[in-house]
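Student: Hi! Could you walk me through this one before I start working with it?
Tutor: Happy to. Have a look at it first, then ask away.

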Amino acid sequence: MADTVKVSRRPKGDDAVVSPVPTADDLAQILRTRIQKSELASGEWLREVKLCSEFGVGRSIVRRALRALADDGLIEIEENRGARVSATTVEEVFDLYEVRAALYGLAARFACLRGSDVRIRSIQAKIDRMLKDAADNVPAEQTIELSELIFSEMSECASSDAQRMIEAIRRKTRFHFSYVALALNATGPGPFQHWQQVREALSERDPDKASQSARDVLYFMQGEVARIMLSRGPRLIADTPLPQPPAPKRRPAAKRNR
């Protein structure tokens, strides 16, 4: 089915209401948000037919959206069985943030050592905007987007191999309740005191201070994400296995005529 627009009608009246059909990216974001808010539980199966019917899209759009979620680590796609929400454990998320902290520390270090004055000023301007947004209590999602832009710009000072590693880890951790952690701490210092230290380190061209401050940003998020996950019920490696999909019904064998 093409990504065009569909025409739906109000329950009352004859005037048509034109609404855009979701793209694969739109659908992925909708499902991503539902997973973040636990509206889709761990182990829940996402059926293509049901998603096509709910959103009025074709299977190609649904499959592209599910592949995007699988890249994020939010769902698992099993051949001949379908897709289901991942049962992410606290240990898995904790470890991912540990690796991400190390890589982001390297990115900040390389920015200090290799970044031009123009690049340093550009990164600092984004940090200033983020700190102002935090003080103005802008939506946490907006703050997350800006922080990702800052880390992206710092990582551009790293080698191509390091950049690929950072991007791989980012896909795995970015949507594991990270924006929720910021939202819950909007009235407190949150990670922003560490961001201020990153800014100062860039001004001083102090790679050790920049690296540690960047890691501290991620360590804060690591603790908050783990706390949020545990508050929703323990998800540990030893938890009970995920529910299995219902077995397909088998047709009774046809009786042979004698």
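Student: Let's start with salt bridges. How far apart are the closest N and O atoms of R100 and E148?
Tutor: They are 2.5 Å apart, and R100 and E148 form a salt bridge. Keep in mind that this is a predicted model.

Student: Which helices do those two sit in?
Tutor: R100 belongs to helix α4, residues 90-114, and E148 to helix α6. The pair links distant parts of the chain, with the two positions 48 residues apart in sequence.

Student: Are R100 and E148 buried or exposed?
Tutor: Both R100 and E148 are buried.

Student: What about R109, which residue does that one pair with?
Tutor: R109 forms a salt bridge with D208, and their closest N and O atoms are 2.7 Å apart. This pair also links distant parts of the chain: D208 is in helix α10 (residues 207-231), R109 is in α4, and they are 99 residues apart.

Student: And why does R109 count as partly exposed?
Tutor: Because its relative accessibility is 24%, and the partly exposed class runs between 20% and 50%.

Student: Now K132, what is its salt-bridge partner?
Tutor: K132 pairs with D136, with the closest N and O atoms 2.8 Å apart. K132 counts as exposed, at 53% relative accessibility, while D136 is partly exposed at 44%.

Student: How many salt bridges does the structure hold?
Tutor: There are 16 salt bridges in the structure. Some are joined up: E76, E78, R81 and R84 are linked in a network of them.

Student: OK, new topic. How many helices and strands are there?
Tutor: Ten helices and five strands.

Student: Back to α6 then. Why does its end-to-end distance make sense?
Tutor: α6 covers residues 140-155, which is 16 residues, so at 1.5 Å a residue it should span 22 Å. The C-alpha atoms at its ends are 22 Å apart, in agreement with that.

Student: Which residues of α6 are buried?
Tutor: Quite a list, including A140, I144, L146, I150, F151 and M154. Polar ones appear there too, among them T143, S147 and E153.

Student: What does α1 look like in the same terms?
Tutor: Helix α1 runs over residues 24-36, has 13 residues and reaches 18 Å from its first C-alpha to its last, close to the 18 Å expected. Its buried residues are A24, L27, A28, L31, R32, I35 and Q36. Just after α1, S38 takes a positive phi of about 60°.

Student: Which residues touch the most other members of the largest nonpolar core?
Tutor: I127, M154, W195 and L202, in a core of 40 residues. Six helices each supply at least two residues of this core: α4, α5 (117-135), α6, α7 (160-173), α9 (192-204) and α10. α4 gives the most, with eleven residues.

Student: What is I127 in contact with, beyond its sequence neighbours?
Tutor: Leaving aside residues within four places, I127 contacts I150, W195, V198, R199 and L202. There is also a second, separate core of 21 residues, which includes A28, C52, F55 and V57.

Student: Where is V85 found?
Tutor: V85 is in strand β5, residues 82-85. It is buried, with a relative accessible area of 1%. V85 and A41 are 44 residues apart in sequence, yet their C-alpha atoms lie 6.7 Å apart in space. Not counting residues up to four places away, V85 touches I35, L40, A41, S42, G43, E44, L46, L74 and I75.

Student: Zooming out, what share of the protein is buried?
Tutor: Buried residues make up 43% of the 258. The protein exposes about 14800 Å², with carbon and sulfur atoms supplying 53% of that area. Among contacts between residues at least 6 apart in sequence, 73% join residues at least 24 apart.

Student: Last one: which elements have the lowest and highest mean pLDDT?
Tutor: Strand β1 (residues 5-9) has the lowest, at 38, and α9 the highest, at 96. Over residues 1-18 the pLDDT is below 50, and that stretch has 31 contacts in the model beyond near neighbours in sequence. Residues 237-249 are also below 50, with 17 such contacts. For the protein as a whole, the average is 80, and 76% of the residues score at least 70.

Notes: Residues are numbered from 1 along each chain as its sequence is written. This is a predicted model: local features need pLDDT of at least 70, side-chain atom pairs count only at pLDDT 80 or more; totals for chains, interfaces and linings use all residues. Side-chain values use heavy atoms; hydrogens and water are left out. Helices (H or I, at least four residues) and strands (E, at least two) are DSSP runs, numbered from the N terminus. The expected span of a helix is 1.5 Å times one less than its number of residues. Buried means under 20% relative accessible area, exposed over 50%, partly exposed in between (1.4 Å probe, protein chains only). Contact means heavy atoms within 4.5 Å. Accessible areas come from the Shrake-Rupley method with a 1.4 Å probe; for residues, only the protein chains shown count as cover. A salt bridge is a side-chain nitrogen of Lys or Arg within 4 Å of a carboxyl oxygen of Asp or Glu. A nonpolar core is a set of buried Ala, Val, Leu, Ile, Met, Phe, Trp, Tyr and Cys residues joined through side-chain atoms within 4.5 Å. pLDDT is the predictor's confidence in each residue, from 0 to 100.
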